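Please describe this structure, from its strand pairing to its overall layout. Keep it brief.

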Amino acid sequence: MDAAGLRFQEATFDVILCNNVLPCASDDGAILAEIRRCLKPDGVAMVDVDVQIARTTPAARLRRRDPDRFTMAYVATNGPQRFYGRDYPGRLREAGLTPLRFDPLRGLGAPFRCAHG
C-alpha cells in the first residue's frame, strides 16, 4: 500500500509505526498527512528518522556539497530523497502531529503519561 494514500478510514489506529520511511519517500508531507488522518485523536505515531544535520536537506544537494561524506552508497541506503535535520519536529507540527522526545531509558516522559494515563 502507498503510504501517501492509505486506504483506511480516518481515526482508525491507536498506534502507527513509520520507521525510517520518510527519507526514501518523494513526498514525505503526504505521508505525514496520512499518518495524522489515520491516527485516532489520542493515538500515538512513532515516525522515526535519523537526524544527522542542522536542517532537512535534499540528498542530491548534500552529495554536491560534501561528496566524501555523502557518498552514493551512503545516500542510497540512508536517505535517497532527503536527510533530516534538527528542524524535524517543526515538520511534524506542520503535519498536525505533536512531537514527543523519546528517551529509551525513561520512556516518553511526564507530559505523555499525564495525557494518556
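Strand β4 (residues 57-58) and β5 run antiparallel, joined by two bridges. Strands here pair if DSSP finds at least two bridges between them. Helices (H or I, at least four residues) and strands (E, at least two) are DSSP runs, numbered from the N terminus. The model is predicted: local features need pLDDT of at least 70, side-chain atom pairs count only at pLDDT 80 or more, and totals for chains, interfaces and linings use all residues. Residues are numbered from 1 along each chain as its sequence is written, and side-chain values use heavy atoms, with hydrogens and water left out.

**The sheet**

β5 also pairs with β3, in the parallel sense, again over two bridges. The result is an open sheet of three strands, ordered β3-β5-β4, with mixed pairing. β3 and β4 are the edge strands; each has a single partner, so one side of each lacks a neighbour in the sheet. The bridge partners in β5 are as follows.

| Residue | Bridge partner in β5 |
|---|---|
| Isoleucine 53 | Glycine 85 |
| Threonine 57 | Phenylalanine 83 |
| Proline 58 | Arginine 82 |

Which way do the residues of β5 (residues 82-85) point? Arg82 and Tyr84 point one way, Phe83 and Gly85 the other, and all are buried. Buried means under 20% relative accessible area, exposed over 50%, and partly exposed in between (1.4 Å probe, protein chains only).

**Threonine 57 and glutamine 52**

Threonine 57 belongs to strand β4. Is threonine 57 buried or exposed? Threonine 57 counts as buried because its relative accessibility is 7%. A polar atom of its side chain lies 2.7 Å from the backbone oxygen of arginine 55. Leaving aside residues up to four places away in sequence, threonine 57 touches Leu62, Arg65, Arg82 and Phe83. Contact means heavy atoms within 4.5 Å.

Glutamine 52 sits in strand β3 (residues 51-53). Its side chain makes a polar contact of 3.0 Å with the side chain of aspartate 50. A polar contact is a pair of N or O atoms within 3.5 Å; within protein, one must be able to donate a hydrogen and the other to accept it, and residues adjacent in sequence count only if both atoms are side-chain atoms. Beyond four places in sequence, glutamine 52 touches Arg69, Phe70, Tyr74, Phe83 and Tyr84. Phe83 is thus on the contact lists of glutamine 52 and threonine 57.

**Helix α1 and its cover**

Helix α1 spans residues 28-38. Its buried residues are Asp28, Ala30, Ile31, Leu32, Glu34, Ile35 and Cys38. An α-helix has 3.6 residues a turn, so residues three or four places apart point the same way. What covers the buried residues of α1? The cover includes β1 (13-19), β2, β5 and α4 (88-94).

**Proline 41 and two positive phi values**

Proline 41 lies in strand β2 (residues 39-48). Proline 41 is exposed, because its relative accessible area is 74%. Its C-alpha atom is 9.6 Å from that of threonine 12, a residue 29 places away along the chain.

Two residues other than glycine have positive phi: alanine 11, at about 55°, and asparagine 20, near 55°. Alanine 11 is in the segment before β1. Asparagine 20 is in the loop between β1 and α1. Alanine 11 is partly exposed, with a relative accessible area of 35%. Asparagine 20 counts as partly exposed too, at 36% relative accessibility.

**The whole chain**

How many helices and strands does the chain have? There are five helices and five strands. Along the sequence they follow the pattern β-α-β-β-β-α-α-β-α-α. The C-alpha atoms fill a box of roughly 50 × 35 × 20 Å, taken along the principal axes.

The chain has 117 residues, and 30% of them are buried. Of the contacts between residues at least 6 apart in sequence, 69% join residues at least 24 apart. The exposed area is about 7700 Å², with 53% of it supplied by carbon and sulfur atoms. Accessible areas come from the Shrake-Rupley method with a 1.4 Å probe; for residues, only the protein chains shown count as cover.

The chain carries 17 positive and 14 negative charges, and their mean positions are 4 Å apart. Lys and Arg count as positive and Asp and Glu as negative, while His and the chain ends are not counted. Each charge is placed at NZ of Lys, CZ of Arg, CG of Asp or CD of Glu.
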